[in-house]
Number of protein chains: 2
Amino acid sequence: MVLSGGDVSSVSPDTLARIQQAVRHLGYVPNRAAQALKTNRTMTVACIVPDIANPFYPSLMRGIQTVLESESYDVIAINTDGAPAREKRFLEWLRQGRVDGVIGVFWAVRAPEFAPLVEVGMPIVRIESSRKSGGPFAIDDIYVDGRAAAHEVTTYLVGKGHRHIAMIAGQGGPESVRVEGYRAAVTTAGLPARVVVDDVFTEEGGFRAASALLEGDLRPTAIFAANDLMAIGAMQAIQARGLSIPSDVAVVGFDDIRASSFVSPPLTTVAQYQGAIGMKAAELLMERLSGRKSGAGTVTEMPFQLIERSSA
Amino acid sequence: MVLSGGDVSSVSPDTLARIQQAVRHLGYVPNRAAQALKTNRTMTVACIVPDIANPFYPSLMRGIQTVLESESYDVIAINTDGAPAREKRFLEWLRQGRVDGVIGVFWAVRAPEFAPLVEVGMPIVRIESSRKSGGPFAIDDIYVDGRAAAHEVTTYLVGKGHRHIAMIAGQGGPESVRVEGYRAAVTTAGLPARVVVDDVFTEEGGFRAASALLEGDLRPTAIFAANDLMAIGAMQAIQARGLSIPSDVAVVGFDDIRASSFVSPPLTTVAQYQGAIGMKAAELLMERLSGRKSGAGTVTEMPFQLIERSSA
DNA sequence: CTGTTAGCGCATTCAG
DNA sequence: CTGAATGCGCTAACAG
């Protein structure tokens, strides 16, 4: 009771002092494994993301860590690389009772596949790119409306007079929803849609996709990238050809990673406030971990905002 | 034996099949806490870094995760913010038996403070910015010679004809060693040293420090930043004043984060190959975890390289 | 080769 | 208010 930092009122001050004396003297530290075995609580939470090296995710994790740490939970970071096989593997892994809860960005795995975890009572928070309820499952979703955001970006570009707007995206992930929004907006405006998808969602992928776009005769006057990393790669491709941004080709990204304000010209993009998303996700998880909430999953929408800088 | 994936040779094929059948049927998954309690191995390693949002560290962690995961260890990520109090707190925390080993970047805590951990047999790998043996302790160090690198950068700048080279740095961390190298080189060249230190080692800090430098009459012709984030901030400050890089003011950074090749102009910097450092650190840790090595700590130097781009 | 058993270090119950 | 006793689920050592 004293050792685990619990209620001290039922211990005489004298005994308390004796215990504390002994603890200090022996350098005693409680063993977490034994505690976990006894209490069924590991005080650890898993954070599963596609790529820890994509600046978007560390910002998210920062937010998560901030609130969970203050509740004395630890955070385990896991990369899935956005690969379905790895996502499934870690879902399996979570059942080993290593963690008390999960916050994750899952690209391939769908709600029903979480069933075994949910049945076991594991709190789960998913971070999504579109409204997508966990259905009958006790999964809390939190999302930014990527479709609406992409629609707004595209409409913004149309408003600037662009008649040939192309989109570049990476395989998997939130890209598809953003492409949808782009297609809808471009169609409404009576313009042609043109989408180039690369295997990877990094600068390299953006460079390649943009290069493909710039090769042909019909060079777009604006490129909308599904994320900032790809946008930055596209800027490279454009500038490498001696074209200038935004006068020859405008560029818009998505995520508002820090680097975006430091490239030249500063990148116009969509902010998703990943720190806030992370904190919100952690709070939702805490609701469940603390038993304050139970039952059906919730869906929370978080805001986005078009950040106008100079690249478009 | 069968359940824990160990030696199967001493089990009849028949029994084996029956067990596997039952396992699948019941969806049995071993409980890690109980395993840990029994075996004294948590199969988890802590990775302690100053700031997970600084792109340098995710790259490092990527390397670490790659090798540890292949040995079926998990990695816990922890931020210290480079704050001495937090570093100490987590050192204490490590004694709770949550992890089997530690890989960390420690800015304030010195070798003797690891003593309680070392005594308990916890393998520790430190990532440093200068040769600094763990002394009598069983701590494996791995470092890049920041002093030599900074010296080389400064000498390079002198070679380019700069007579007024300033350095900007953040509080704490590897900065001090780099400042040393800068001072030595500048002194050797018979030039004055000028160092501005900001509280934070991010773009903001770099912006502020560079601004201070540009205010005065004696504007430097070259600024050497202790890390890339600060260098990028400095570039902003320079360009905001309508000055151009490198003709008015040259800029060199340190770390070679990915963003550095995408800023404009691309940043000249020092590569430390963080992925390789992470992998090496993980390998050193595995040596201890597997019992292949024991006894006194080792010191491993890793290479750096000046990457010439267009900012200087 | 197979089935049984004794702790690992705690939190929690119960008797004092 | 305090001390002692009971498993948590597993692994390793043992007896069959």
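Contacts in chain A lean towards partners far apart in sequence: among those between residues at least 6 apart, 71% join residues at least 24 apart. The model is a predicted one, and its chain A has ten helices and twelve strands. Taken along the principal axes, the C-alpha atoms of this chain fill a box of roughly 85 × 40 × 30 Å. Of its 312 residues, 48% count as buried.

Next comes the relation between the two chains. A turn of 180 degrees, with a shift of 0.0 Å along the axis, lays chain A on chain B with an RMSD of 0.1 Å. The two copies are thus related as by a two-fold rotation axis. The interface tells a matching story: 97% of the interface residues of chain A are also interface residues in chain B, so the copies meet through the same surface.

As for what sits in that interface, 35 residues of chain A are in contact with 35 residues of chain B. On the chain A side, at least two residues each come from α2 (32–39), α3 (56–70), β2 (74–79) and α9 (228–240). Sorted by class, the side of chain A that touches chain B has 18 nonpolar residues, along with ten polar and seven charged ones.

One piece of this interface pairs a helix with its counterpart in the other chain. The axes of α2(A) and α2(B), the latter covering residues 32–39 of chain B, come within 8 Å and cross at roughly 140 degrees. An angle over 145 degrees would count as roughly antiparallel, so at roughly 140 degrees α2(A) is oblique to α2(B). The crossing of α2(A) past α2(B) is left-handed. On one side of it are Ala33(A), Ala34(A), Ala36(A) and Leu37(A), and these meet Ala33(B), Ala34(B), Ala36(B) and Leu37(B) on the other. By class, this helix–helix contact comes out as eight nonpolar residues, with no polar and no charged ones.

Helix α9 of chain A offers a single-residue view, since that is the place of Gln236(A). With 21 C-beta neighbours inside 10 Å, Gln236(A) counts as buried, because the cut-off is 20 or more. Setting aside neighbours within four places in sequence, Gln236(A) is in contact with Phe207(A) in its own chain and with Phe262(B) across in chain B. Along the chain, Gln236(A) and Ile223(A) are 13 residues apart, and their C-alpha atoms are separated by 13 Å.

How values were computed: Residues are numbered from 1 along each chain as its sequence is written. Chains are lettered from A and ligands numbered from 1 in the order in which they are written. This is a predicted model: local features need pLDDT of at least 70, side-chain atom pairs count only at pLDDT 80 or more; totals for chains, interfaces and linings use all residues. Two residues are in contact if their C-beta atoms, placed from the backbone, lie within 7 Å. Helices (H or I, at least four residues) and strands (E, at least two) are DSSP runs, numbered from the N terminus. Ala, Val, Leu, Ile, Met, Phe, Trp, Tyr, Cys and Pro count as nonpolar, Asp, Glu, Lys and Arg as charged, and the others, Gly among them, as polar. Axes are lines fitted to C-alpha atoms, for helices over the stretch in contact, and angles run from 0 to 180 degrees between N-to-C directions. Angles under 35 degrees count as roughly parallel, over 145 as roughly antiparallel, 65 to 115 as roughly perpendicular and the rest as oblique. A crossing is left-handed if the near helix is turned anticlockwise from the far one by less than a right angle, and right-handed if clockwise. Copies are superposed by least squares on the C-alpha atoms of residues with pLDDT of at least 70 in both. A residue is buried if 20 or more other C-beta atoms lie within 10 Å of its own, exposed if 12 or fewer, and partly exposed in between; C-beta atoms are placed from the backbone.
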